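The following paragraphs guide a new reader through selected parts of a structure. The sequence and the coordinates are shown first, and the explanation follows.

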Amino acid sequence: MSSIVTLDSNIDSVLRNIAEKVYAGTRIDNHDAEYLFNHASLSFVGSLANHIREKKHGDNTYFNRNFHIEPTNICLYTCSFCSYSRLIKKRSEGWEYTLEDIMDIVKSYDGKPVTEVHIVGGVLPQYDVTFYANLFSEIKKHRPELHVKALTPVEYHYIFKKDKISYEEGMLLMKNAGLDSMPGGGAEIFHPEIRDQIAGGKCSGEQWLRIHEIWHELGGRSNATMLYGHIESYFHRVDHLDKLRQLQDKTGGFQTFIPLKFRNQDNQMSHLPEVSHVEDLKNYAISRIYLDNFDHIKAYWPMIGREMAQLSLSFGVDDIDGTIDDTTKIYSMAGSEEQNPALSTEELVQMIRRVGRKAIERDTLYNVVQDYTDVVFEEDNLYKGYVSLPVV
Ligand code: V47
Ligand code: SF4
């Protein structure tokens, strides 16, 4: 695929200037990004984002083989967008896994070719520093090569404060116990005007950023997210991206940025409508254009659905996460199209191929596990000569 944009002579001068910056490889500023959100067409931002995506990765589109473990869905916090948490009052509707329960889940993947376990869930007092340190070292003892991507600054801030240890001491302890990387959750919207209204008393934007910074200083890698499409304005989104870009300039420790679309089923913000697919694609594209120092932009398919994940690959996205194996409930409980998210490796590969991209299985740190370009599946013969193909 190639992306060539010819600039219409009638194009507004601000947009022309932004396009020239992008083609020259120059960074856009916050005003530019807000201008794109407010005034640019979908095709305009899409072309620029696709140009950057192809410059960085060509047609390569990454996925991995992973599973999630959510130790509990009961939580002390009360984030107003959360459909997943059962407050302590409704404890009977929730689950609280013991270390043994979690190890049984890990062991159920023995012999399967997964490379990553993603662990994240609610915040409760019994899941403390000792619990998680023991859990990480048990997983490593059992399956040393399995990458442990676990917990966010929401949990770390809570457990370190409870144990009266500093972020620095705490993150070092986690690293020594076996933590390999940190997922991007808990970021929501950093700006206090919004965060104070939606984040239910959990860690601040500054604390989220500081814990990632310390982790990066220890040599660790992590991801970053942004929960968009609720009560924030474009100013707040750009402010969020700005904070991430600044930290990335300092540490270089972020791998992937994952925009997360607010889903409105069964939460305290259910009265808000969800944003359109056009808005989703614009948001991916502008994130790709603005975050010039992030290698990857990920569309999380259990959240936006398979077809939107395919479309996003023309709007700056180069990664669609993993096989998941129906092990996360965060999005099905919030109203996602994907009620039982699980895709086989073949299905993920076909999803990527059917929009003309190359499927590359990666590990968590983006080392190539397998390039599927020349791999032929039985289904390829079945659909030979067909004009319309199924999504997967
Ligand atoms: O922080 C919760 C979001 C996040 C809703 O790092 C919601 O590879 C939309 O961060 N509508 C957790 N979003 C998930 C997460 C994640 C997912 C996949 C990959 C990675 C990675 C990280 O889910 C939370 C919150 O922002 N969330 N409720 C909702 N109703
Ligand atoms: Fe708890 Fe996370 Fe839900 Fe907030 S988003 S209530 S921290 S489980």
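**Cysteines, a ligand shell and a helix residue**

In this predicted model, the sulfur of Cys203 lies 9.4 Å from the closest cysteine sulfur, which belongs to Cys79, and this is too far for a bond. The reasoning rests on a cut-off, because a disulfide requires a pair of cysteine sulfur atoms within 2.5 Å. The structure as a whole holds zero disulfides. Cys203 counts as buried, with a relative accessibility of 1%. Cys82, in turn, is partly exposed, and its relative accessible area is 26%.

Cys79 and Cys82 also appear in the surroundings of ligand 2. Cys75 is another cysteine of this shell, and the remaining residues around ligand 2 are Tyr77, Phe81, Ser85, Gly122 and Lys202. Sorted by class, the shell of ligand 2 consists of five nonpolar residues, two polar residues and one charged residue.

Attention now turns to a helix. Which helix holds Asp32? Asp32 is placed in helix H2, which covers residues 30-39. Is Asp32 buried or exposed? Its relative accessibility is 7%, so Asp32 counts as buried, the limit for that class being under 20% relative accessible area.

The partners of Asp32 complete the picture. When residues up to four places away in sequence are not counted, Asp32 touches Ile18 and Lys21. With Lys21 there is also a polar contact, made between the side chain of Asp32 and the side chain of Lys21 at 2.6 Å.

Definitions and conventions
Residues are numbered from 1 along each chain as its sequence is written. Chains are lettered from A and ligands numbered from 1 in the order in which they are written. This is a predicted model: local features need pLDDT of at least 70, side-chain atom pairs count only at pLDDT 80 or more; totals for chains, interfaces and linings use all residues. Side-chain values use heavy atoms; hydrogens and water are left out. Buried means under 20% relative accessible area, exposed over 50%, partly exposed in between (1.4 Å probe, protein chains only). A residue is near a molecule or strand if one of its heavy atoms lies within 4 Å of it. Ala, Val, Leu, Ile, Met, Phe, Trp, Tyr, Cys and Pro count as nonpolar, Asp, Glu, Lys and Arg as charged, and the others, Gly among them, as polar. Helices (H or I, at least four residues) and strands (E, at least two) are DSSP runs, numbered from the N terminus. A polar contact is a pair of N or O atoms within 3.5 Å; within protein, one must be able to donate a hydrogen and the other to accept it, and residues adjacent in sequence count only if both atoms are side-chain atoms. Contact means heavy atoms within 4.5 Å.
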